[in-house]
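The following paragraphs lead the reader through one protein chain, from its overall plan to individual residues. Please keep the sequence and the coordinates in view while reading.

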Amino acid sequence: MSDSPARPRPNRRRFTPIALGAGVLGTVLLSLSMTGTLSGFAASITNNTNTAGSGSLVMEEKTTGGTPVTCLSTDGGTVSTNTATCSTINKFGGSMTMVPGGPAVNTPITIKNIGSVAAGTFTLTHGATCTQSNNGAQNGTALDLCAKLNVVITSGATTVFSGTAASLAAAPASAITMPPAPAAGVSVPFNIAVSLDPSAGNTYQGLAASLPLTWAFAS
């Protein structure tokens, strides 16, 4: 046997704890990388109904006597235009057999806001002139029938206008007293009474008069 001294064995006990600690640390780091954090508080609110839109302002005109006739401001196309000409509702009643001093011809109507927003203003405007024409084969020679045609427009207890067709055609806006502009879904009643003045003589026979009227809302 050799007499050389035995070599000491390597000390592995110091290496093992270091290797184990590194393994545990790696596991913790891997866990953090997957979850982002070990703990904490969080709160959030999501508003998932964020919308806004425009309302509409649409006018409906309807007769309230006899068979109802309805006109809409959209009849001229769409709400993009929102302007229509209604020739099926005659505000002067359409009678062609009126006599001087005879009973007035009444035309009751309602103007309704069928849109979704309130009207800011409500106006009634007239054409520039009252136009006279012949009615039938026998025609008088008078040239001022519009001045003999009495027109009274009322809305409930409010007198919107009272005068002749000629004075209505020349009336400034201040001479027309309108009721308040209606909110959405609200109707405003009107009555238009037309009569032939008692002073109209034979020269006013066989004549007719016409004056355009325009109702308007604005927001």
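Helices (H or I, at least four residues) and strands (E, at least two) are taken here as DSSP runs, numbered from the N terminus. The model is a predicted one. With that numbering, the place of Asn 82 can be given as the loop between β2 and β3 (105-113). Asn 82 is not a glycine, yet its phi is positive, at about 60 degrees. Since a residue counts as partly exposed between the limits of 20% and 50%, Asn 82, with a relative accessible area of 23%, is therefore partly exposed.

The overall plan comes next. The protein chain contains two helices and 10 strands. Along the sequence these elements follow the pattern α-β-β-β-β-β-β-β-α-β-β-β. Of the 219 residues in the protein chain, 28% are buried.

Six of the strands form an open sheet, in the order β2-β1-β3-β8-β6-β7, with antiparallel pairing. At its edges stand β2 and β7 (158-164), each of which pairs on one side only. From one strand to the next, the twist averages 15 degrees. The pairing of β1 with β2 can be followed in detail: the two strands run antiparallel and are joined by three bridges. Within this region, Glu 60 stands opposite Leu 72 in β2.

Strand β8, a member of this sheet, also takes part in an aromatic contact. Across the whole structure, a search finds four aromatic pairs. In one of them, the ring centres of Phe 122 and Phe 190 lie 5.9 Å apart and the planes meet at 75 degrees; because planes over 60 degrees apart count as edge-to-face, the pair belongs to that class. The contact links distant parts of the chain, for Phe 122 belongs to strand β4 (residues 121-126) and Phe 190 to strand β8 (residues 187-196), 68 residues apart. Are these two rings buried or exposed? Phe 122 has a relative accessibility of 7% and so counts as buried; Phe 190 is likewise buried, its relative accessible area being 4%. Both residues belong to one aromatic cluster, together with Trp 215 and Phe 217.

The empty space of the model offers another view. A probe the size of a water molecule, rolled over the atoms, shows where such space is left. The largest pocket has a volume of about 1,300 Å³. Its lining comprises 48 residues, and those nearest the centre of the pocket are Ile 89, Asn 90, Lys 91, Leu 211 and Leu 213. Which strands each supply at least two residues of the lining? They are β1 (59-63), β2 (70-72), β8, β9 (207-210) and β10 (213-218). Among them, β10 gives the most, with five residues. By class, the lining of the largest pocket consists of 28 nonpolar, 16 polar and four charged residues.

A last stop is the loop between β8 and β9, where Gly 201 lies. Gly 201 has a relative accessible area of 36%, and is therefore partly exposed. The C-alpha atom of Gly 201 is separated by 7.6 Å from that of Pro 100, although the two residues are 101 residues apart along the chain.

Notes
Residues numbered from 1 in each chain as written. Predicted model: local features only at pLDDT ≥ 70, side-chain atom pairs only at ≥ 80, totals over all residues. Heavy atoms only, no water. Phe/Tyr/Trp six-rings, centres within 6.5 Å; stacked < 30°, edge-to-face > 60°. Buried < 20%, exposed > 50% of the residue type's maximum accessible area, 1.4 Å probe, protein only. 1 Å grid on protein atoms, 1.4 Å probe; cavity = no way out; pocket = protein on both sides within 12 Å on 5 of 7 lines; lining within 4 Å. Points joined across faces, edges and corners; volume = space filled by probe spheres on them. Nonpolar A, V, L, I, M, F, W, Y, C, P; charged D, E, K, R; others polar. Pairing = 2+ DSSP bridges. Axes fitted to C-alpha atoms, helices over the stretch in contact; angles between N-to-C directions.
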